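Get your viewer ready and keep the selection box handy. We will go from stop to stop, and at each one you will hear what to select and what is there.

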Amino acid sequence: MEFISICFISFVFLFSLSMTLFFLGLNFLVYDLVYFFEWEIFSINSTMMVMVLIFDWISLLFMSFVLFISSLVIYYSKDYMSGDLFINRFIMLVLLFVFSMMMMILSPNLISILLGWDGLGLVSYCLVIYYQNVKSYNAGMLTALSNRLGDVALLMSIAWMLNYGSWNFLFYIEFMKGDYQMTIVCAMAILAAMTKSAQIPFSSWLPAAMAAPTPVSALVHSSTLVTAGVYLLIRFSSLFMDTNLGKFLLLISGLTMFMAGLGANFEFDLKKIIALSTLSQLGLMMSILAMGFYKLAFFHLLTHALFKALLFMCAGAIIHNMKNSQDIRDMGSLTIYMPMTISCLNVANLALCGFPFLAGFYSKDMILEMVLISELNLFSVFLFFFSTGLTVSYSFRLFYYSFIMNMHQSSMNILNDNSFVMFKSMFSLLIFAISGGSMLNWMIFPYAPMICLPLSMKLLTLTVCIIGGILGYLISNINFFSFNKSLNYYLFSFFSSSMWFMPPLSTIGVTYYPLSLSFKLFKNLDQGWLEFFGIQQTFKIFMKISSIVQFIQFNNLKIHLTLFVFWMVFLMLLVIMI
C-alpha cells in the first residue's frame with residue numbers, strides 16, 4: 001500500500017498546485033502583471049546574496065501545465081510501474097525532475113537557471129538508465145554528455161555576464177541590446193538551448209533516451225526537458241530577433257524539423273516514432289521563435305505538451321499489452337481489442353497533424369499562416385510546409401499500422417482495456433487535447449489575429465496535410481505495394497532512418513579519432529621511444545656508472561684510498577675558502 005500512497009499523495013499535491021497556478025496565471029495575463037520576488041539569503045557587510053524569482057503569465061502558465069502533466073504521469077505510473085519493487089525511488093526521481101524544472105522556469109537569473117538546468121540533466125540521466133542494461137547505459141551517457149555541452153555554454157554565458165552588474169539577464173536584455181558582450185551571452189544561450197532541445201547536430205540523444213520507462217518519456221519528451229531550451233530562448237527572444245543569430249537558428253531548426261519528419265516515416269519502433277515527432281515539433285517551435293513570434297512558440301509549446309503526453313501514455317498502454325513489443329509491425333486491428341486506448345491515440349495523432357478544431361490546429365495553422373505572411377525565403381517556406389506534410393504522413397502511417405492492418409499478434413493474446421487507472425489519466429489529457437487549443441487561443445490572443453491571404457495560400461496548409469496523409473496511407477498499405485518498394489531506394493531510406501547518420505557521428509565520430517590518436521601516442525611515445533630514451537636509458541646509465549664505482553671501491557684499495565685523500569683535500573680547501 002505504500003507505493004499507492006506516495007503516488008496518490010504526489011498526484012493530489014501536484015494537481016492542486018497546478019490548478020492554483022493556472023488560475024493565478026490567468027489573473028496575471030488579464031491584468032498584465034509581473035512580480036519579482038527577492039529572497040535575501042545572507043548579507044555580509046555590503047555584499048548580499050539574493051535569490052530572485054519571476055512570476056508572470058508565461059512562467060505561471062507553463063508551470064501549471066508541467067505540474068498538470070506530471071501529476072497525471074505519476075498517477076499513470078501507479079499502474080504502469082506496479083510490478084517495480086523500487087517504485088518509491090522512481091516517484092522521487094520524477095518529483096526531483098519536476099522541482100528542477102520549476103527552478104528553471106521561475107529564474108530570471110543565470111546562476112539559478114544553471115542549478116535547474118543541471119538538475120534536469122542529472123535526473124534525466126538517472127531516469128534513462130532506470131532499466132539497468134547496456135542499451136540504457138549507452139543512451140544515458142549519450143544524453144548526459146550531449147547536455148553537458150549546453151551546460152558549458154551556460155557557464156560561459158555566466159562568465160560573460162560578469163561584465164555587467166549582476167546575473168539577472170532580464171534586467172539587461174532591452175537596455176544592452178546590440179552590445180557585443182550581450183550578443184555573445186545570447187549566442188551561448190542559443191547553443192545551450194540547441195543541446196537541450198536536441199537541434200541539429202545534437203539530435204541523436206532524443207530517440208536514444210527512449211530507453212527510459214514510458215511514463216518518463218511522457219513527461220520528459222512532452223513538457224519538460226526538451227522544452228526547457230525553447231523556454232530559455234523565449235526569455236532571450238528579443239536579443240536575437242532580426243539578427244544573424246536568429247537566421248542561423250531558423251536554418252538549423254528548419255533542417256531539424258525536416259530531418260525528424262523524414263526519419264519518422266522510415267521508423268518501426270513506436271516510441272522512436274513519437275520521439276522523432278517531438279523533435280519535429282521542437283524544430284517548429286524554435287523556427288517560429290527565430291522569426292520573432294515568441295507568443296506563437298509558447299502557444300504551440302503548451303498545446304504540444306498536452307497531445308504529446310497523451311500519445312506517449314497510449315503508446316505505453318499498447319506496449320504493456322503487446323508483451324513489451326514496441327514494433328508497429330506487430331500491431332494491427334487493435335481497435336477491436338483496445339478501443340478506448342486506440343481512440344485516444346488517434347485523437348492525439350490528429351491533434352499532432354493539426355486536424356481542424358483539435359489542440360494542435362490553432363497553433364500550427366496560425367504558425368504556417370504567419371510564415372506565409374512574413375518576409376521569408378522560399379527554402380524556409382519549403383521546410384515548413386514539407387515538414388508539415390511529413391508529420392501528417394507518419395501520423396497516418398501509424399494510424400494504418402494500429403487501426404487498419406491485419407492483426408499480427410498470436411491468437412492467444414492478452415490485449416485488453418482493463419487498466420482503469422491508466423485510462424483515467426489518458427481521458428483527463430484527452431479532454432485537453434481536444435479543447436486545450438481553443439481555450440489557450442482565447443486566453444493568449446484575446447483578439448482574433450487578422451491574417452489576410454489569397455484563397456490558394458489559405459488552403460495551402462490543408463492541401464499539404466491532405467496530400468501527406470494520402471501518401472502516408474498509400475505507402476504503408478501493403479495491398480498496394482506487395483513488393484516492398486523501399487528496397488529500390490535502400491540507401492535513401494537507410495540515410496533517412498538513421499537521422500542523417502547523426503547517432504554514429506555523435507558517438508564514434510566524435511570519439512574515434514581522438515582515442516586512436518591517444519592510443520598511438522601512448523603506444524609509440526609513452527610506452528615506446530620516450531620510455532627507451534627517457535627513464536629506461538637514464539636508469540641504464542646510472543646503473544653502469546654505479547657498477548664501475550662499486551667495482552673500484554670493492555676491488556682496488558689504493559685507488560679507493562687515493563680518492564678518499566682527494567675528497568678530504570677538497571673538503572679542507574672548501575672550509576678554508578669559506
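## A lysine on the inside

Begin by selecting lysine 308, which is buried yet has no salt bridge. The nearest side chain of opposite charge belongs to aspartate 269, and that is 14 Å away. Keep in mind as you look around that this is a predicted model.

Which residues does lysine 308 touch, not counting residues up to four places away in sequence? Show His221, Ser222, Ile274, Ser277, Thr278, Gln281 and Leu352 to see them. Lysine 308 itself is found in helix α12, so colour that helix before moving on.

## The nonpolar core

Next comes the largest nonpolar core, which has 177 residues. Helix α12, spanning residues 294–321, gives the most to this core, with 19 residues. That is the helix in which you found lysine 308.

Now select Phe236 and Phe384, the residues with the most contacts inside the core. Stay with phenylalanine 236 for a moment and add its partners: leaving aside neighbours within four places in sequence, phenylalanine 236 is in contact with Leu110, Phe169, Ile173, Val185 and Ala189.

## A nonpolar patch outside

Switch to a surface view and select Leu517, Leu521, Leu525, Trp529, Leu530, Phe532 and Phe533. Together they make a nonpolar surface patch of about 750 Å².

Leucine 530 is a good one to click on here; you will find it in helix α22, residues 508–555. Is leucine 530 buried or exposed? Its relative accessible area is 52%, and the cut-off for exposed is over 50%, so leucine 530 counts as exposed.

## Backbone stops

Go back to a backbone view and pick isoleucine 200 and proline 201. A cis peptide bond joins the two, with omega at about 5 degrees. Proline 201 sits in the loop between α6 (180–196) and α7 (205–208).

Then select asparagine 45, in the loop between β1 (34–44) and β2 (47–56). Asparagine 45 is not a glycine, but its phi is positive, about 55 degrees. Asparagine 45 is also exposed, with a relative accessible area of 78%.

Where is the last stop, aspartate 242? Look in the loop between α9 (225–240) and α10 (244–264). Aspartate 242 has a positive phi of about 60 degrees, although it is not a glycine. With a relative accessible area of 74%, aspartate 242 is exposed.

Note on methods. Residues are numbered from 1 along each chain as its sequence is written. This is a predicted model: local features need pLDDT of at least 70, side-chain atom pairs count only at pLDDT 80 or more; totals for chains, interfaces and linings use all residues. Side-chain values use heavy atoms; hydrogens and water are left out. A nonpolar core is a set of buried Ala, Val, Leu, Ile, Met, Phe, Trp, Tyr and Cys residues joined through side-chain atoms within 4.5 Å. Buried means under 20% relative accessible area, exposed over 50%, partly exposed in between (1.4 Å probe, protein chains only). Helices (H or I, at least four residues) and strands (E, at least two) are DSSP runs, numbered from the N terminus. Contact means heavy atoms within 4.5 Å. Lys and Arg count as positive and Asp and Glu as negative; His and the chain ends are not counted. A salt bridge is a side-chain nitrogen of Lys or Arg within 4 Å of a carboxyl oxygen of Asp or Glu. Patches are made of residues with over 30% relative accessible area and no salt bridge: like charges are joined within 9 Å, nonpolar side chains (Val, Leu, Ile, Met, Phe, Trp, Tyr) within 5 Å. Accessible areas come from the Shrake-Rupley method with a 1.4 Å probe; for residues, only the protein chains shown count as cover.
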